[in-house]
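Hi,

Here is the structure I promised to pass on. Have a look at it first, and then read on for what turned up.

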Amino acid sequence: MKLSIQKMTIYRTTLLLLAAFLAGIMAIAQVPKPADVFGFEPGADYKLANYKMLMDYYQRLDKASNRVQMVTIGKSVLGKPMYLMMVSSEANMKQLDKWRSISEQLSRAKIDDKMARSLAASGKAIIWIDAGMHASEVASAQMLPELAYRMATEETPEMKKIRDQVVALLMVEMNPDGLDIVADWYKANLGTPFETTQPPWLYHHYVGHDNNRDWFTNNMPETKAVSEVLYNQWYPQIVYNHHQTSPAWTRIFIPPFANPVNPQIHPGVTAGVNMVGTAMASRFAMKKMPGVVSQLRFSMWWNGGMRTVPYYHNQIGILTETAHATPSPRFYPPDSLPKTVGVGVTASTTGTDIFYADPWKGGQSRFRDAVNYMEEASMATLVLAADKREEFLYNIYVMGRDAIESAGKSRPYAYIIPAEQWDKSEAVNLVNMFRQSGVEIHRATQQFQANNVTYPAGSYIIYGAQAFSPYVVDLMEKQVHPNQRLYPGGPPIPPYDLAGWTLPMQMGVTGAKTSATFKADTELLKGFAPVVAGQVASGAGYGYALSRNQNASVKAVNRLLKDGEIVSFMPSEAGSFLIEKGASTDARIQALAKELGVSFTAVASKPSGTSKPLKLPKIGLYKSWVANMDEGWTRWLMEQYSFPVDTLHDADIAKKDLSTYSAIIIPDQESKRILNGHAPNTMPTTYVGGLGLGGTMALQQYVANGGTLVAFDGASDFAIELFGLPVKNVTEGLSSQQFYIPGSLIRTVVDTKHSLAYGMQPEVAAAFSNSRAFEVIKQSREGEGGTEQTKVAPNPNVEVIASYAKKDLLMSGWALNEDKYIAGKPAVVRVQQGKGNVVMFGFSPQFRGQPRGTYKLIFNALYESTLPKSAVESNTKSE
């Protein structure tokens, strides 16, 4: 019996659908599970997948699924590739550039409302979820392959909707070097008493935990690579950054965050953050996952973190902190449950706190719990994005449009960075920090006027009429952090991380703002601002002079010294460098002027004034076995400026011939950490102890014989104790209710005639973060004729190079009783000790690589350390 045409059509359609279904099932079956590659389930007890294992899995997943595409976005500090994985439906994956373009247009907000609504209706939500960056917080790196697998293969209605409505950007690891460091350490110590300890070195080659403090300066290659994706390519509506330091006796911290919120952040961002937090809380409640807490510690004030910089780009930045950051299980006795969780601001564990309504009561805690909480929080974010796709897309447009329309009203019409600067290289660096974060900048092609001031061609203009103007205003203007207290008259609630960070202040760059419109012929920067080649004057019969004003001059001089050029400096010319002309000098000078943008003045004949020969300093950098971020930043700075630097551990200080070093630097660290290090039985024996008696005696001998010791911030306490210096730290012993500056910019006055201040501006911003101020202890001497009457005199062995201002100390941020305790007090001193000297900084002059305006204080101290003792003495007397 023949089938009818209609029945044949139905039959064929059914077969096709069945074939497609079977093909889909077979395709899914061919996609590997993480356990197939690792040999264990993600989150298994005592197991950690390292970077190689993870990349092996991701590459197989990428190859097996047409719902996945993995691309390389950069390399880590140590050269490991950094991968970004995009996951969506098959149809969406074929049009990735379309969805990226829609996201960019809506984020930049240069289209009209009708077009924006049309694009929002047709576009896909772009959602960033990363595996974290703090390598000691290990669960997120183990969770993400499982989440990626689920997104690529799961056929539930929930996941299908996510794939249809969302393009997920899964950043598989932002610190690949650190992941291996921590995984290797855990494996090596598994089964020992040190199983849950952290490595005695930084888990990022330079900056350790501070890789989450680098997001507006973008000093590290990892932050540069990610910033390029977020602010110049994909413009996600939500940026979810996983972390793993939940308050004790909780399971996960989620938004809403604590007060305060930065006024530059659009209220739509704040509402969006709270919306995502509510979605997470609801999912956890319905899945009977207790221990979810909010509103503790983390605020929405600080700019500079992975989840905070997005706020100023109208993106919803999310941070969660999940418990149990080790593969080793742990039991929490339920009868030890505390009454509250959190420090300072707390939440009750009785179930009566609205932001901790379902407390975790203790019991067994496993690594897999952390994976589960992270995965469900990620799913909550993706489900919300799929449900409210069009709303998120349109809202980012509205927030960008509001920013554009605020120009000349609630925000400046423009900021101008003049071409003429004290340090031109840092002005270009500032411009490029903005460009790295997606800010549009114009360069004047002719001179122009604004606010009755004439600016030369080459000046940079940041117009306010752009979507990212909140970011510009926040970094260009001073911060005024609210004065928050636990209760009226009670202890201050410290800002989360920093209270003030204004970039022009830190970098010593001049900027002008105007709310009035003006006209200027400009060109829009495409990419980064180029270095403007410096000038090399003709007529260099004897050689060349180079000003110290630019930090880049130090790079030039160190390269010249390394190449064997003869360099000295001239005290009578503000310490300008003098390069004596040799056979290859002209070519080297021309190359450096072009590359670094420094200008060389021709010197026709040998100057009549005194000049002092320079050598390339050889630096010893102390590195405690207690991992220290300030050491990493210092090492990075030395390498950036071509100073030869050796790492000196405790045993090196005690046993090596220290006389080979012109200077030894001790970075910011507590005195007891320097002296004692790790206590016995807390770490493997190799890493126990600090400098101890042998190391301290070696340092004393080194300085007594003519060496220079440079101490930053906390290390100055150690130097004072070690040498019995006639200097006192006036902040020592003060409580946070008496004096408190947890992270702000403090006005500092510099003695620019002193040799350690050559090239410095008279007033700079010191990055003061729980830092120090000094007081010189005056000498007492008997009165004339041996009478009992005594006179107090200044100590001739102590020179003050810089002091905190006598008034108006707070430049940006928040401070308590700064006028009472540190006004007018020395901030940088040099103390003669035997044949050598100790240079002490009350603050960290290289703090996180940000305060470029105080770098030269370090460089000058290092150069001076190479001079013969007699030259230093005569220099001190002449100044």
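Let me start with one salt bridge: the side chains of Lys513 and Glu477 pair up, with N and O 3.0 Å apart. Keep in mind as you read that this is a predicted model. The two residues come from distant parts of the chain, 36 residues apart: Lys513 belongs to strand 20 (residues 512–514), while Glu477 is in the loop between helix 15 and helix 16. Lys513 counts as partly exposed because its relative accessibility is 47%, and the range for that class runs from 20% to 50%.

That loop holds another salt bridge partner, Asp497, whose side chain meets Arg213 at 2.6 Å, N to O. This pair also links distant parts of the chain: Asp497 lies between helix 15 (469–476) and helix 16 (503–507), Arg213 sits in the loop between helix 9 (176–189) and helix 10 (221–234), and the two are 284 residues apart. Are they buried or exposed? Both Asp497 and Arg213 are buried.

Further along there is Lys825, which forms a salt bridge with Glu775, again with 3.0 Å between the closest N and O atoms. Lys825 is in the loop between helix 24 (818–821) and strand 39 (826–833) and Glu775 is in strand 34 (residues 774–776), so this pair ties together parts 50 residues apart in sequence. Both ends are partly exposed: Lys825 has a relative accessible area of 22%, and Glu775 is at 31%. There is also a network, in which salt bridges with shared partners join Glu146, Arg150, Glu154, Arg368 and Glu375. In total, the structure holds 42 salt bridges.

On to helix packing. Helix 8 (residues 157–165) and helix 12 (residues 367–387) have axes that come within 9 Å and cross at roughly 60 degrees, and the crossing is left-handed. From helix 8, the contact uses Glu158, Met159, Lys161, Ile162 and Gln165; from helix 12, it uses Met379, Leu382, Val383, Ala386 and Asp387. By class, that makes six nonpolar residues, one polar and three charged.

The other helix pair to look at is helix 5 (residues 96–108) with helix 6 (residues 113–122), packed at about 145 degrees with axes 10 Å apart. Helix 5 also passes helix 6 in a left-handed crossing. Here Trp99, Ile102, Gln105 and Leu106 of helix 5 meet Ala116, Leu119, Ala120 and Ser122 of helix 6. What classes of residue make up this contact? Six are nonpolar and two are polar, with no charged residues.

Last, the sheet. Eight strands form an open sheet with mixed pairing, in the order 1-2-4-3-5-10-6-8. Strand 1 (68–75) and strand 8 (292–293) are the edges; each has a single partner strand, so one side of each has no neighbour in the sheet. Within the sheet, strand 6 (residues 252–253) pairs with strand 10 (residues 316–322) in the antiparallel sense, over two bridges, and Phe253 stands opposite Glu321 of strand 10. Helix 11 (residues 267–286) lies across strand 5 (238–243), strand 6, strand 8 and strand 10, and runs at about 40 degrees to strand 10.

Over to you, and happy browsing!

Note on methods. Residues are numbered from 1 along each chain as its sequence is written. This is a predicted model: local features need pLDDT of at least 70, side-chain atom pairs count only at pLDDT 80 or more; totals for chains, interfaces and linings use all residues. Side-chain values use heavy atoms; hydrogens and water are left out. A salt bridge is a side-chain nitrogen of Lys or Arg within 4 Å of a carboxyl oxygen of Asp or Glu. Helices (H or I, at least four residues) and strands (E, at least two) are DSSP runs, numbered from the N terminus. Buried means under 20% relative accessible area, exposed over 50%, partly exposed in between (1.4 Å probe, protein chains only). Axes are lines fitted to C-alpha atoms, for helices over the stretch in contact, and angles run from 0 to 180 degrees between N-to-C directions. A crossing is left-handed if the near helix is turned anticlockwise from the far one by less than a right angle, and right-handed if clockwise. Contact means heavy atoms within 4.5 Å. Ala, Val, Leu, Ile, Met, Phe, Trp, Tyr, Cys and Pro count as nonpolar, Asp, Glu, Lys and Arg as charged, and the others, Gly among them, as polar. Two strands pair if DSSP finds at least two bridges between them.
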